[in-house]
Amino acid sequence: MTVETRMAIDSAVERGLKSHGESDAPIYRAAAALLRARRAHGVLVDVGCGIGRFLEHAGDLTEDYIGIDVVRHPGLSEDAAFYRADLDRESIPVAPASADIVSARETIEHLENPRPFCRDLVRILKPGGWLVLSTPNQLSVLSILCLIVRGRFVAFQDAYYPVHRTALLPSDLERIASECGLTEIELGFSCAGRIPLTAAHYPPTLSQMFPQALSDNVLLVARKHA
């Protein structure tokens, strides 16, 4: 292994640890709800699994669980199947067409190349299986205001770099999913968003009325052609 490769791996691990292995609860709830509405069920490959918290919300959908991340976070159950992968440099270490559900919440924005990553997500998905992924919502009121005032989307300011690398619009997610041959493509939103210039969040009922404008995170769910 070259010095450059070793340094790249160490950097990826450092970025992974900075995430603390979990996302906000509304993201998990929204992802699970999208899958549940489509009666998704079976083997779940959780890419960017962190501490495996998604199982708290989607455990009823899974027959088996495999976690993938750049580092095994201390909070991940010792019983969980787990494989390490630097997703900027390595394929997901899972056989083709082996997952009924593939989840990649708050992972794609950490990577250099979203399209090869999505193709790899689809590779491991069984025909007829479901993919759900999420990323920061660049079209929220908060993010657009930040772009106007500071010249950067809210989740891609200097404080978040290099942990957050790649900003994607909802339309980018739809285009990538279509390019990967996925069908039944639909967007969803976390319906939880921070009010600009405060630490407070919008009331859930208001966020549900205006999900794109008032959600911090956007989700995409899509199906692999059977």
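I take a residue as buried when its relative accessible area is under 20% and as exposed when that area is over 50%. The model I am reading is a predicted one.

**Asparagine 217**

I began with asparagine 217, which belongs to strand S7, residues 217–224. Its relative accessibility is 7%, so I entered asparagine 217 as buried. I then listed what asparagine 217 touches, leaving aside residues up to four places away in sequence, and found Ile27, Glu106, Thr135, Pro136, Asn137, Gly188, Phe189 and Ser190.

**Glutamate 106**

One of those contacts, Glu106, I looked up next for its backbone. Glutamate 106 has a positive phi of about 50°, although it is not a glycine, and I located the residue in the loop between strand S4 (99–105) and helix H4 (114–123). Is glutamate 106 buried or exposed? With a relative accessible area of 13%, glutamate 106 is buried.

**Leucine 197**

I found a positive phi at leucine 197 as well, near 70°, again in a residue other than glycine. Leucine 197 sits in the loop that runs between strand S6 (182–189) and helix H7 (204–209). Here the relative accessible area is 90%, and I therefore noted leucine 197 as exposed.

**Helix H5 and the loop after it**

In helix H5, which spans residues 141–150, I marked Leu142, Ser143 and Cys146 as buried. These residues cover an arc of only 95° around the axis, which means that they lie on the same side of H5. After H5 comes glycine 151, and I read its phi as positive, near 80°.

Where does proline 162 lie? I placed proline 162 in the loop between H5 and helix H6 (170–179). The peptide bond that joins tyrosine 161 to proline 162 is cis, and I noted an omega of about 10° for this bond.

**Leucine 35**

I turned then to leucine 35, which I found in helix H2, residues 25–37. Its relative accessibility is 1%, so leucine 35 counts as buried. Not counting residues up to four places away in sequence, leucine 35 touches Ala40, Phe54, Leu61, Ile101, Trp130 and Val132. I also checked leucine 35 against serine 103: the two are 68 residues apart in sequence, while their C-alpha atoms are 9.8 Å apart in space.

**The protein as a whole**

I closed with the totals, starting from the secondary structure, which comes to eight helices and seven strands. How does the radius of gyration of the protein, with its 226 residues, stand against that of a compact globule? I noted 17 Å for the protein, and because a compact globule with this number of residues would be near 17 Å, the two values agree. Along the principal axes, the C-alpha atoms fill a box of roughly 45 × 45 × 35 Å.

Of the 226 residues, 52% are buried. I also looked at contacts between residues at least 6 apart in sequence, and 66% of these join residues at least 24 apart. For the accessible surface I entered about 11,000 Å², with 55% of this belonging to carbon and sulfur atoms. Last, I compared the mean positions of the 23 positive and 28 negative charges, and these positions are 3 Å apart.

How values were computed: Residues numbered from 1 in each chain as written. Predicted model: local features only at pLDDT ≥ 70, side-chain atom pairs only at ≥ 80, totals over all residues. Heavy atoms only, no water. Helix = DSSP H or I, 4+ residues; strand = E, 2+ residues; numbered from the N terminus. Rg over C-alpha atoms; globule rule 2.2 N^0.38 Å. Buried < 20%, exposed > 50% of the residue type's maximum accessible area, 1.4 Å probe, protein only. Contact = heavy atoms within 4.5 Å. Areas by Shrake-Rupley, 256 points an atom, 1.4 Å probe, with all protein chains shown as cover. Lys, Arg positive; Asp, Glu negative; His and termini not counted. Charge placed at Lys NZ, Arg CZ, Asp CG, Glu CD. Arc of directions from axis to C-beta.
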